[in-house]
Amino acid sequence: MKKYFLTLCLITFSLTGQAKSTTSEFDRLLNNLFTADGPGGVALVVEDGKTVYRKAFGMANLELGVKMTPENIFRIGSISKQFTAVAILKLAEEGKIDLDADITQYIKDYPTHGHTITIKHLLNHTSGIKSYTSLEKWDAQERKRDFTPTQLIDYFKHEPMDFAPGEQFRYNNSGYILLGHIIELVSGETYADYIQNHLFQPLNLSNSSYGSTSRIIKNRAYGYSKTDDAYINADFLSMTQPYAAGSLLSTVDDVYAWYTAIMNDKVINKTSRKMAHQMGVLNSGEKIDYGFGWFIGNIQGSPMIEHGGGINGYLTASIWLPEEKVFVAVFSNCNCNAPGDTANKMAAIAIDNPFNWKKVNLNDELLKSYQGVYEKAPDDLRTFTFEDGQLYSLRSGGTRYKIFPFAKDQFFFEDSIVTLTFNRDNAAKINSVTLNSTGQAKVWLKTDKPIATFNEIKLDPKVFTTYVGKYQLAPTFHINIFSEDNKMYTQATGQEKVELVAIGINQLMLKNTDIKLTFNTLKDGTVESLTLHQNGEHLAKKIE
């Protein structure tokens, strides 16, 4: 008996030490994300029903000096889509909705442009309907307007389709607006009432509700943005607009209770749940990383369902690992503190399989052999270059990053959850590269395309002064060009400043990217606009 007692004591001690270590790792990640005197956040980790971490960071209200608490309520943004999807599945179980039916069975006058658009297409973002949040006319003024659901649908329904239904996956808020309206049509209740009466109330989610900008909501954290290195109040958004795509409020505790109820089949049946948590399939047979209201992925190979949210003043992340019964949520009350990667890292730590790679040394000749242009699609290239003993990765339209080897042919991005594996054919020649993260692996094939080179030129300061100014890319999005400490910079709305280098007459490039700016001039040399070359060409008129 004594032997068994000693063994038990040792196990208990070990687990206690591990818990302390895990807590300190969580603290480190979250202290890196949130500052004590800035907008904050709340994090929750639950393992097999036991809360192992629940903490708040930073401030819930900067003006009043109110600290964040774990009980604070947030706009959860697109996590709302889970509730909408489950409501649809619940109504389908009751025989009120046919998931395979054309949406015109419910919304009679919706223009489908000769296509069959099903409820399932709406649920997994494969409808091809244009997302209203991507429309140029959806500017800051428009976002202040109140819409009825039918008015909101009228706002986008005549827009041309992006693609035929089922041909592609493209994240789409319009689809969930339509789903919300269908819930109203078949249930006879408003969307807000249906969610309250059939989901929140039965599950006792007492801190969850449909969002409101006028109602007093106890413990609601105020929402912030960041611009020009200063925090500001988030822009106003009528909560009639996110509607069934993102208008709900909740806490990390309520969202955990929600996931628990879903996984225990307390809301919809097992068949419906499995359908919601199954990867969608395109017409081509290709699988996509989305089910109905959830992204489908993995953490270090362990199956995962998850969804995040981004809405004026708030960013959220929620994760469930069904095999380990681990839940992680991180909510933030500023669009400056993205919680996604942090939540993923916390989930990996919780299952004792952290994203942690140790750099190894590879000789220069091997590193040089990875150089080249790799293609996933004609407009989706990834270029690898070797300079001064360092290998770099640059995706078209993005920033160049250092990558570090942790084994032959295997690399990681610093402070990231992403790895790259270079693949070889039977002759041991590199023929592709695979990117692994939390979704399906993505492959770029090696091409014979030459690596683009750009020679930096010295620009006459007098010429650069003609470029200096403010350029309007969209009603609420501007590109500023300025000089500082004898260097050229650009800074876009809500983003950090980036150094510019000159590569030609009237052409500048953002340093360590392949993003170019072309300055368009009149006959007298006056600059009237610039063209941003990033995932296409975008004209920005000079306004100051």
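Select threonine 316 and display its surroundings. Leaving aside neighbours within four places in sequence, threonine 316 is in contact with Arg75, Ile76, Ile79, Gly308, Gly309, Val330, Phe331 and Pro339, where contact means heavy atoms within 4.5 Å. The model is predicted: local features need pLDDT of at least 70, side-chain atom pairs count only at pLDDT 80 or more, and totals for chains, interfaces and linings use all residues. Residues are numbered from 1 along each chain as its sequence is written, and side-chain values use heavy atoms, with hydrogens and water left out.

Is threonine 316 buried or exposed? Threonine 316 has a relative accessible area of 5% and is therefore buried (buried means under 20% relative accessible area, exposed over 50%, partly exposed in between, with a 1.4 Å probe and protein chains only). A polar atom of its side chain lies 3.0 Å from the backbone oxygen of isoleucine 76.

Next, select residues 314-321. This is strand 12, in which threonine 316 has its place (helices, H or I of at least four residues, and strands, E of at least two, are DSSP runs numbered from the N terminus). Strand 12 belongs to an open sheet of six strands in the order 2-1-13-12-11-10, with antiparallel pairing (two strands pair if DSSP finds at least two bridges between them). Strand 2 (50-57) and strand 10 (295-299) stand at the edges, each with a single partner strand, so one side of each has no neighbour in the sheet. From one strand to the next, the twist averages 15° (axes are lines fitted to C-alpha atoms, for helices over the stretch in contact, and angles run from 0 to 180 degrees between N-to-C directions).

At one edge of this sheet, select strand 1 (residues 41-47) together with strand 2; seven bridges join this antiparallel pair. Glutamate 47 has lysine 50 in strand 2 as its bridge partner.

Now turn to the largest pocket, whose volume is about 1,100 Å³. On a 1 Å grid over the protein atoms alone, a cavity is a set of points where a 1.4 Å probe fits but cannot get out, and a pocket is an open set with protein on both sides within 12 Å along at least five of seven lines; lining residues have an atom within 4 Å of a point. Grid points are joined across faces, edges and corners, and a volume is the space filled by probe spheres set on the points. Select Arg143, Ser225, Asn312, Gly313 and Asn335, which lie nearest the centre of this pocket among its 42 lining residues. Strand 12 appears again here: strand 7 (224-227), strand 8 (230-233), helix 7 (243-246), strand 11 (302-311) and strand 12 each supply at least two residues of the lining. The largest share, three residues, comes from strand 7.

Proceed to strand 23 (residues 477-484). Strand 22 (residues 469-474) pairs with strand 23 in the antiparallel sense over five bridges, and lysine 470 has asparagine 480 as its bridge partner. Strand 23 also runs antiparallel to strand 24 (residues 487-492), with six bridges between them; here phenylalanine 482 stands opposite tyrosine 489. Two residues separate strand 23 from strand 24 in a hairpin, and aspartate 485 in the turn has a positive phi of about 55°.

Finally, select strand 25 (residues 498-504) and strand 26 (residues 507-510), an antiparallel pair with four bridges. Leucine 500 stands opposite leucine 510, and asparagine 506 in the turn of their hairpin has a positive phi of about 60°.

Definitions and conventions. A polar contact is a pair of N or O atoms within 3.5 Å; within protein, one must be able to donate a hydrogen and the other to accept it, and residues adjacent in sequence count only if both atoms are side-chain atoms.
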